[in-house]
Amino acid sequence: MNADRARPRSRPSGSNEQIFYGKQDEPRAPKEHQISYEAKKQCIAQAFAGQSPPGPSTCASPGIVTVMDGANPALALFTFRGEQTGDYFGDTVTTGDVTGDGVPDVLVGAYGWTNKAGQANTGKVAVYDGVTGKLVYTLEGEKSPDNFGSCLDASADINGDGHNDILVGACFADPVTTGYVKLFDGATGRELYKWTGAETWDEMGRACAFGDVNGDGRADIVLGAGSSVKTDWGGYVWAYDGKDFTRRLYAFTSGASQTKPEPNFGHRLAVADLDGDGYAEIIVGAYRGKIVRSQRDQPATGYVRVFNGKDGTLRYQLNGTTDGGQFGIAIATGDVDGDGLPDVIVGERWGSPEAVHVYKGTTGAEFCVYTNPGPAAWFGQTVGAGDVDGDGRANVAAGAYQGAANSASHGGYVTVFTNAPAP
Ligand SMILES: [Ca+2]
Ligand SMILES: [Ca+2]
Ligand SMILES: [Ca+2]
Ligand SMILES: [Ca+2]
């Protein structure tokens, strides 16, 4: 990461926004070529330290989202700002062509947002035009403490009108953090459907994603409830048909009922067709999961399970390396090795070392790992993938939410890695 070596080149005045660009680092290892740049973290949210739900905010300012040019990390395309101190604006971000002009738009969640009636943590999502950066519209939670915006996806056009549609979670919605996920029509912002958690404490809406699970050509909806006490202590994941929102295709649980600590199965998820058979796989993170289930003395390294889209069977399981490492706190997919099929990228933010692992999507074989050799930074708190250099292979991005204690900025940063030679 070399956050310590990063140096400021650009410091916009009039705000506490500071963008730092690191110098091009020498490769330290064959798999760790990197283009590094660092963004000042606006908000150290102690309440959102991983095990804790988003709670009373300790942020010093509204959140900020900066959109960087993938080809030129020195160029900020847009900067979007939250409205309120502690609104958690930017804690969830996604892109999708909601306006229908062919250019992806930017969606930013602010689950700590207080509505006009003064209800704290109602939450909202802002949709910005990807061409102009102008606000298109906002979606709002119903009431306190919905935490509307806890998950976000706009990667699919579910009703086929040429506008991508939007999934938004509200994981702490009453009664008692039952939670819900809503589907909105991207063209109009109108609510199309609402899925509510099965029971209290489920936290439905910790995660949500589109993907064509049943292979009929239309995206389906996958929902993560990161907690639970009745159905299964450890959380669950539901997949619903994109043509019939009432038809459940699959339900997955951790199988570790009543085992403490709860594994938080479904706290994160991703959906992608890893083997190219036309059925999207469901990739579920359980960041406090135990490798050997139901045994209390087993270390909670966290794990990720990959379920086959075609029949719902477990394809493979990926395991963390460190007790308490929170492997699975972040998941993304992208074709990193260039074989034309998506690979699986998993963050292990509290591992020894903090790491981001990359696995071949078809087999689950690890072929690349990025680690943080520096001070604790929560490297792997977020992960992403996209081809920023145009070579046809996805580049891996890793967020280090806490930054490094002795970093020049003492804030979080994001590193985008160049690809290693194809394995
Ligand atoms: Ca649509
Ligand atoms: Ca489908
Ligand atoms: Ca598949
Ligand atoms: Ca691949």
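A residue is buried if 20 or more other C-beta atoms lie within 10 Å of its own, with C-beta atoms placed from the backbone. The views below are of a predicted model.

**View 1. Strand E7 has buried residues on both of its faces.** Asp105, Leu107 and Gly109 point one way from strand E7, whereas Val106, Val108 and Ala110 point the other way, and all are buried. In a regular strand, side chains alternate between the two faces of the sheet. Strand E7 spans residues 105-110, and because 6 of its 6 residues are buried, the strand is largely enclosed by the rest of the structure.

**View 2. Leu107 of strand E7 has bridge partners in strand E6 and in strand E8.** Strands E6 and E7 run antiparallel and are joined by 5 bridges; in this pairing Thr94 stands opposite Leu107. Strand E8 (residues 124-128) also runs antiparallel to E7, again with 5 bridges, and there the bridge partner of Leu107 is Val127.

**View 3. Thr95 lies in strand E6 and is partly exposed.** Strand E6 comprises residues 92-96. Thr95 has 19 C-beta neighbours inside 10 Å and therefore counts as partly exposed, since a buried residue needs 20 or more. Leaving aside residues up to four places away in sequence, Thr95 touches Pro104, Asp105, Val106, Leu107 and Ala154. Thr95 and Ala154 are 59 residues apart along the chain, yet their C-alpha atoms are separated by 6.2 Å.

**View 4. Strands E10, E11, E12 and E13 form an open antiparallel sheet.** The 4 strands follow the order E10-E11-E12-E13. Strand E10 (148-156) and strand E13 (191-196) are the edge strands, each pairing on one side only. From one strand to the next, the twist averages 20°. Within the sheet, strand E11 (residues 165-170) and strand E12 (residues 180-184) run antiparallel and are joined by 5 bridges. Ile166 stands opposite Phe184 of strand E12.

**View 5. An open antiparallel sheet is built from strands E22, E23, E24 and E25.** The order of the 4 strands is E22-E23-E24-E25. Strand E22 (327-334) and strand E25 (366-371) each have a single partner strand, so one side of each is left without a neighbour in the sheet. Neighbouring strands of this sheet are turned by 20° against each other on average, direction ignored. Strand E22 pairs with strand E23 (residues 343-348) in the antiparallel sense over 6 bridges. Glu348 in strand E23 is the bridge partner of Phe327.

**View 6. Leu269 belongs to the largest nonpolar core.** This core has 98 residues, and those with the most contacts inside it are Val222, Leu269, Val271 and Val396. Apart from residues up to four places away in sequence, Leu269 touches Ala207, Ala209, Val222, Gly224, Val237, Ile282, Ile283, Val284, Gly285 and Ile331. In soluble globular proteins, nonpolar side chains tend to be buried together.

**View 7. The whole chain combines 1 helix with 28 strands.** Buried residues make up 53% of the 423 residues in the protein chain. Among contacts with a separation of 6 or more, 51% are between residues 24 or more positions apart. The average pLDDT of the chain is 82, and 80% of the residues score at least 70. Over residues 1-59 the pLDDT is below 50, although this stretch has 123 contacts in the model beyond near neighbours in sequence. Where pLDDT is low, the predicted coordinates should not be read in detail.

How values were computed
Residues numbered from 1 in each chain as written. Chains lettered and ligands numbered in written order. Pairing = 2+ DSSP bridges. Helix = DSSP H or I, 4+ residues; strand = E, 2+ residues; numbered from the N terminus. Axes fitted to C-alpha atoms, helices over the stretch in contact; angles between N-to-C directions. Buried ≥ 20, exposed ≤ 12 C-beta atoms within 10 Å, placed from the backbone. Contact = placed C-beta atoms within 7 Å. Core = buried A, V, L, I, M, F, W, Y, C linked by C-beta atoms within 7 Å. pLDDT = per-residue confidence, 0-100.
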